[in-house]
Amino acid sequence: MIIVVTGAGGPTGTAVSEYFRKNGHTVIGVGRDQVDLLDRAAVQAFAGRVEAEHGHVDGVIHLVGGWRGSATFAETDLGDWDALHDLLIRTLQHVSLAFEPLLRKTANGRFVIVSARAAQHPEAGGAAYAAAKAAAEAWTLSLADALQGTGSAATILVVKALVNDAMRAARPDARFPGFTDVRDLAEAIGGLYDRPAAQVNATRLDLTT
Ligand SMILES: NC(=O)c1ccc[n+]([C@@H]2O[C@H](COP(=O)([O-])OP(=O)(O)OC[C@H]3O[C@@H](n4cnc5c(N)ncnc54)[C@H](OP(=O)(O)O)[C@@H]3O)[C@@H](O)[C@H]2O)c1
């Protein structure tokens, strides 16, 4: 398969890319060095290059993240909203709009975002983050509606937080309760191909339970 991973530069992107490569697939990883996902024209051109070089795409795994928050609701900095809007919503809009036509054309495509429990369980100091993730989820469900009946699917994976080897090495005594290991996340994404698109389209798969 041809798998596009956006936000591929971090530990999560590395784990997801490794998972698909290990299983024999071609991964096209995008970090900020390759394409600025805030530049709509550049994202559109990137999708065009993927189609020209590979003919089709089987998966788009959108992993751009970021967190901002405050101690209390009253202390919320609306500058945080602007930052999260760009990171969590605008990059998703650019990527999904650019790749939707390719996902509609392919036989068994998957589009995936990783959301947070906070979207449905917002806390006082995380208003901007929870609202941005909730917006990203709604956007993804619109894409899912567009993909209905095409053989492709858009799915929301839900985590409390992610943990990777570098985090464990930095805090060897920490237990990271409820966190999802990035390797388990990668397997969950791979597992979306084991089920028919219609079963996973427009669903929220909760990895915290
Ligand atoms: N980490 C968690 O605990 C957690 C919890 C809930 C949900 N999630 C979600 O899980 C996914 C992965 O999380 P993560 O913590 O691994 O993500 P992350 O490290 O915050 O972001 C992943 C990558 O996105 C890249 N990126 C940011 N802006 C970009 C742009 N304009 N163009 C291209 N690349 C850009 C960053 O590259 P640079 O390094 O070059 O900036 C970064 O390496 C995200 O969607 C996140 O929201 C994570």
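Trainee: A polar backbone atom of glycine 65 is 3.2 Å from an oxygen atom of the ligand. What makes that a polar contact?

Mentor: The cut-off for a pair of N or O atoms is 3.5 Å, so the 3.2 Å at glycine 65 falls within it. Bear in mind that we're looking at a predicted model.

Trainee: Which other distances to the ligand pass that test?

Mentor: The side chain of arginine 32 puts an N or O atom 2.6 Å from a ligand oxygen. For valine 64 a backbone N or O atom does it, at 2.8 Å from an oxygen of the ligand. Both values are within 3.5 Å, so both count as polar contacts. As for cover, the ligand has 890 Å² of accessible area on its own, and the protein covers 77% of that.

Trainee: How many residues surround the ligand, and which are the closest?

Mentor: There are 24 around the ligand, with Thr12, Arg32, Val64, Lys133 and Leu162 the closest.

Trainee: On to the sheet. Why are E2 and E8 said to stand at the edges?

Mentor: Start with the order, which reads E2-E1-E3-E4-E5-E8 in an open sheet of 6 strands with parallel pairing. Strand E2 (26–30) and strand E8 (203–206) each have a single partner strand, so one side of each has no neighbour in the sheet. From one strand to the next, the twist averages 20°.

Trainee: How do you know that E4 and E5 are paired?

Mentor: Pairing takes at least two bridges, and E4 (residues 110–116) has 7 with E5 (residues 153–159), so the two count as a pair, in the parallel sense. One of the positions to look at is isoleucine 113, whose bridge partner in E5 is isoleucine 156.

Trainee: And what makes E1 and E2 a pair?

Mentor: E1 and E2 run parallel and are joined by 5 bridges, and the requirement is at least two, so they qualify. Valine 4 faces isoleucine 28 of E2 there.

Trainee: Why is E1 called mostly covered?

Mentor: In strand E1 (residues 2–6), 5 of its 5 residues are buried. The cover is on both faces: Ile2, Val4 and Thr6 are buried on one side, Ile3 and Val5 on the other. That split fits a general pattern, since side chains in a regular strand alternate between the two faces of the sheet.

Trainee: Back to isoleucine 156 in strand E5. Why is isoleucine 156 called buried?

Mentor: Buried means under 20% relative accessible area, and isoleucine 156 comes out at 0%, so the label applies. Beyond four places in sequence, isoleucine 156 is in contact with Ile113, Ser115, Glu137, Thr140, Leu141, Thr203, Arg204 and Leu205. To isoleucine 189, 33 residues along the chain, the C-alpha separation is 9.9 Å.

Trainee: Thr140 is in that list. How do you know whether threonine 140 is buried or exposed?

Mentor: Threonine 140 has 1% relative accessibility, under the 20% limit, so it is buried. Threonine 140 sits in helix H4. The residues it touches, apart from those up to four places away in sequence, are Leu92, Phe111, Ile113, Ala154, Thr155 and Ile156. As a whole, H4 (residues 127–147) lies across E4, E5 and E8, at about 160° to E4.

Trainee: Where does H6 lie, and what covers its buried residues?

Mentor: Helix H6 (residues 182–191) lies across strand E3 (59–62), E4 and E5, and runs at about 155° to E5. Its buried residues are Val182, Leu185, Ala186, Ala188, Ile189 and Gly190. The cover over them includes helix H1 (11–22), E3, E4, E5, strand E6 (162–163) and strand E7 (180–181).

Trainee: What makes aspartate 181 a cap for H6?

Mentor: A side-chain oxygen of aspartate 181 is 2.8 Å from the backbone nitrogen of arginine 183, at the N-terminal end of H6. Against the 3.5 Å cut-off, that pair is a polar contact, so the cap holds up.

Trainee: Last one: what makes phenylalanine 176 and alanine 202 stand out in their backbone?

Mentor: Neither is a glycine, but phi is positive, about 50° at phenylalanine 176 and about 65° at alanine 202. Phenylalanine 176 is in the loop between helix H5 (165–170) and E7, and its 9% relative accessibility is under 20%, so it counts as buried. Alanine 202 is in the loop between helix H7 (197–200) and E8. Its 43% falls between 20% and 50%, so alanine 202 is called partly exposed.

Technical notes. Residues numbered from 1 in each chain as written. Predicted model: local features only at pLDDT ≥ 70, side-chain atom pairs only at ≥ 80, totals over all residues. Heavy atoms only, no water. Helix = DSSP H or I, 4+ residues; strand = E, 2+ residues; numbered from the N terminus. Axes fitted to C-alpha atoms, helices over the stretch in contact; angles between N-to-C directions. Contact = heavy atoms within 4.5 Å. Near = heavy atom within 4 Å. Polar contact = N/O pair within 3.5 Å; in protein donor to acceptor, adjacent residues only side chain to side chain. Areas by Shrake-Rupley, 256 points an atom, 1.4 Å probe, with all protein chains shown as cover. Buried < 20%, exposed > 50% of the residue type's maximum accessible area, 1.4 Å probe, protein only.
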